[in-house]
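Hi everyone, thanks for coming. Let me put the structure up, and then I'll walk you through it.

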Amino acid sequence: MLVVMRKSGQSLLIGDNIEIQILDAHPNGVKIGISAPKEIRILRKELLSEAENANRESAIAAKVSLSELNKILDKKTEY
Amino acid sequence: MLINSTHFGDIEIPEGEIIAFPEGIYGFEDLKRWALLGKTDEDSSFMWLHAIDDPKICFVVIDPFVFRKDYSPEPDEGILGKIETDNAQDLRVLAIVTVPEDINRISANLKSPIIINSAKNIAVQMVMDTDKYTFKHYILDEMQKTA
């Protein structure tokens, strides 16, 4: 991993069209500004692992039928 | 295209119904081709989203507007570019459902919906960095709230 020292207000360029700027640095957090083309996905990494975990949990095959699921929805809407 | 599904046995999927997920689905990045099953039943709010290239992997999905009429995922230009459309009319949104043992606690993931370009059958799963939605919305609770 490349490690670079930067101060508030300084930037880094990645390739031709991605710029990462340090806006503010505190002991408990760093504020970063990112300029990148729209097709580049920018995501907090923990959110990505949460999305993966959520999917893995959902993919565990539940032994249900769609009609069973529809039935419980219908019951609710009868209220 | 024949899938030898672990859950449903042999299923024939017409080529035209295969949905391409160029990036896969989070946690299942290698699975690039999926199909929606069970949509012939018009009364059904739920469908299956089945992987073509792994006979075991299958999700229950729901049209999220069935229980959250105010749902507004707002895919940005990057997402729309990935599914090759700028026409909102082509978009179809589905939420992945988790079905626990207590079926009354079924939940839907509104934080990372599946966005499909239904004109071209290309789809992507987006993740929204917002507090408005979570990975687990209990469907029956939310229906009662809005009832």
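So, how many residue pairs are in polar contact between chain A and chain B? Seven, counting pairs with both residues at pLDDT 80 or more; a polar contact is a pair of N or O atoms within 3.5 Å, where within protein one must be able to donate a hydrogen and the other to accept it, and residues adjacent in sequence count only if both atoms are side-chain atoms. On chain A's side of that interface, α1 (45-59) and α2 (66-77) each supply at least two residues, and α1(A) brings the largest share, 11 residues. Helices here are DSSP runs of H or I, at least four residues, and strands are runs of E, at least two, numbered from the N terminus.

A quick word on the ground rules: this is a predicted model, where local features need pLDDT of at least 70, side-chain atom pairs need 80 or more, and totals for chains, interfaces and linings use all residues. Residues count from 1 along each chain as written, chains are lettered from A and ligands numbered from 1 in written order, and side-chain values use heavy atoms, without hydrogens or water.

Back to the interface: 28 residues of chain A are in contact with 43 of chain B, contact being heavy atoms within 4.5 Å. There are three salt bridges between the chains, meaning a side-chain nitrogen of Lys or Arg within 4 Å of a carboxyl oxygen of Asp or Glu. Asp129(B) and Arg44(A) form a salt bridge, 2.7 Å from N to O.

That's my tour, thanks!
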